[in-house]
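Thank you for making the time this morning. I would like to walk slowly through one protein with you, so please keep the picture in view as I talk.

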Amino acid sequence: MNPTKAYYEKLADTTIKNLEMRQIEAHYCPTSQDAVNLALSMVNSDSTVAFGGSMTLSESGLMKALSERGDITLLDRSKAKSPEEVTQIYHDALSADYFFMSSNAISVSGELVNIDGTGNRLAALVYGPSHVIILAGMNKVVPTVQAALMRVKNTASPINAARLNRKTPCTISGICSDCQSPDCICAQTVITRRSNQAGRIKVILIGEELGY
């Protein structure tokens, strides 16, 4: 077996055990296609499905697969015709049957670490949708919560800020300066250390590098 794949499997096994101790359902899939197939199997017909902004969902092929399912109602803000419609979709997403997202980082000890600008993604993670399904490449898995915070601030956020054409110090230096820039996308930090409702949060780890 490819050494990287073997490493991912061992790391995923340890991480999954720790996630499940925190009442977070967890799975490992070696490929994006496997992960998409698993995720789709979790979604019942006649369900309402929403999602948070995520390169992982796009890169894995999940967004395309969801858009092709004719048996669900997909709340897609990219099709909104006005800012008011976008806001309404954000609110409607909180009562969706399923909410899809990625995580900016996941500690081996089983905590999910995320930073958001608007906060709609993290609001849904914390409370609302009946099921939250997280897809994350193994590049998001790090040893500790502290390492996760460092990853989010100094890898995920600068790249996302650049992708969104934000004028922030990190897009210039590549390093977080804990800024108060008007374009800052780091308004909310959430560390999920446990799901009080067993199995509500589901994590699918993927043996590939996906997203930021």
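Lys-64 and Glu-68 are both exposed, and in this predicted model these two residues form a salt bridge, in which the closest N and O atoms are 2.6 Å apart. The structure holds five salt bridges, and I would like to set two others beside that one.

Please turn to Arg-121 and Asp-116, whose side chains also meet in a salt bridge, at 3.2 Å from N to O. Are the two partners here buried or exposed? Arg-121 has a relative accessible area of 6%, and because the cut-off for buried is under 20%, Arg-121 counts as buried. Asp-116, with a relative accessible area of 11%, is buried as well.

The other pair is Lys-17 with Asp-13, a salt bridge whose closest N and O atoms are 3.3 Å apart. These residues both lie in helix H1, which covers residues 3-21, and because they are four residues apart there, about one helical turn separates them. Asp-13 is partly exposed, its relative accessible area being 40%.

Let us now go on to the strands, beginning with strand S4, residues 98-101. What covers the question of its two faces is a simple pattern that you may know: in a regular strand the side chains alternate between the two faces of the sheet. In S4, Tyr-98 and Phe-100 are on one side, Phe-99 and Met-101 are on the other, and all of them are buried, so that both faces of the strand are covered.

Which strands pair with S4? Strand S2, residues 48-51, runs parallel to S4 and is joined to it by three bridges, while strand S7, residues 131-137, also pairs with S4 in the parallel sense, over four bridges. Phe-99 is a useful residue to follow here, as Ala-50 stands opposite Phe-99, and the bridge partner of Phe-99 in S7 is Val-132.

There is also an open sheet of four strands, with the order S8-S5-S6-S9 and mixed pairing. Strand S8, residues 141-142, and strand S9, residues 188-192, stand at the edges with a single partner strand each, and therefore one side of each is left without a neighbour in the sheet. Strand S6, residues 112-116, runs antiparallel to S9, and five bridges join the two; within that pairing, Ile-115 has Thr-189 in S9 as its bridge partner. Helix H7, residues 145-163, packs on this sheet, where the helix touches S5 (105-107), S6, S8 and S9, and the direction of H7 makes about 30° with that of S6.

Finally, let us step back to the whole protein. Its secondary structure comes to eight helices and 10 strands. The radius of gyration is 17 Å, close to the 17 Å that the globule rule gives for 212 residues, and so the protein is as compact as a globular protein of that length. Taken along the principal axes, the C-alpha atoms fill a box of roughly 45 × 40 × 30 Å. Of the 212 residues, 47% count as buried, and the accessible surface comes to about 10300 Å², with 51% of it belonging to carbon and sulfur atoms. As for contacts with a separation of 6 or more, 75% of them are accounted for by residues 24 or more positions apart.

How values were computed:
Residues are numbered from 1 along each chain as its sequence is written. This is a predicted model: local features need pLDDT of at least 70, side-chain atom pairs count only at pLDDT 80 or more; totals for chains, interfaces and linings use all residues. Side-chain values use heavy atoms; hydrogens and water are left out. Two strands pair if DSSP finds at least two bridges between them. Contact means heavy atoms within 4.5 Å. Axes are lines fitted to C-alpha atoms, for helices over the stretch in contact, and angles run from 0 to 180 degrees between N-to-C directions. The radius of gyration is taken over C-alpha atoms; the globule rule is 2.2 Å times the number of residues to the power 0.38. Buried means under 20% relative accessible area, exposed over 50%, partly exposed in between (1.4 Å probe, protein chains only). Accessible areas come from the Shrake-Rupley method with a 1.4 Å probe; for residues, only the protein chains shown count as cover. A salt bridge is a side-chain nitrogen of Lys or Arg within 4 Å of a carboxyl oxygen of Asp or Glu.
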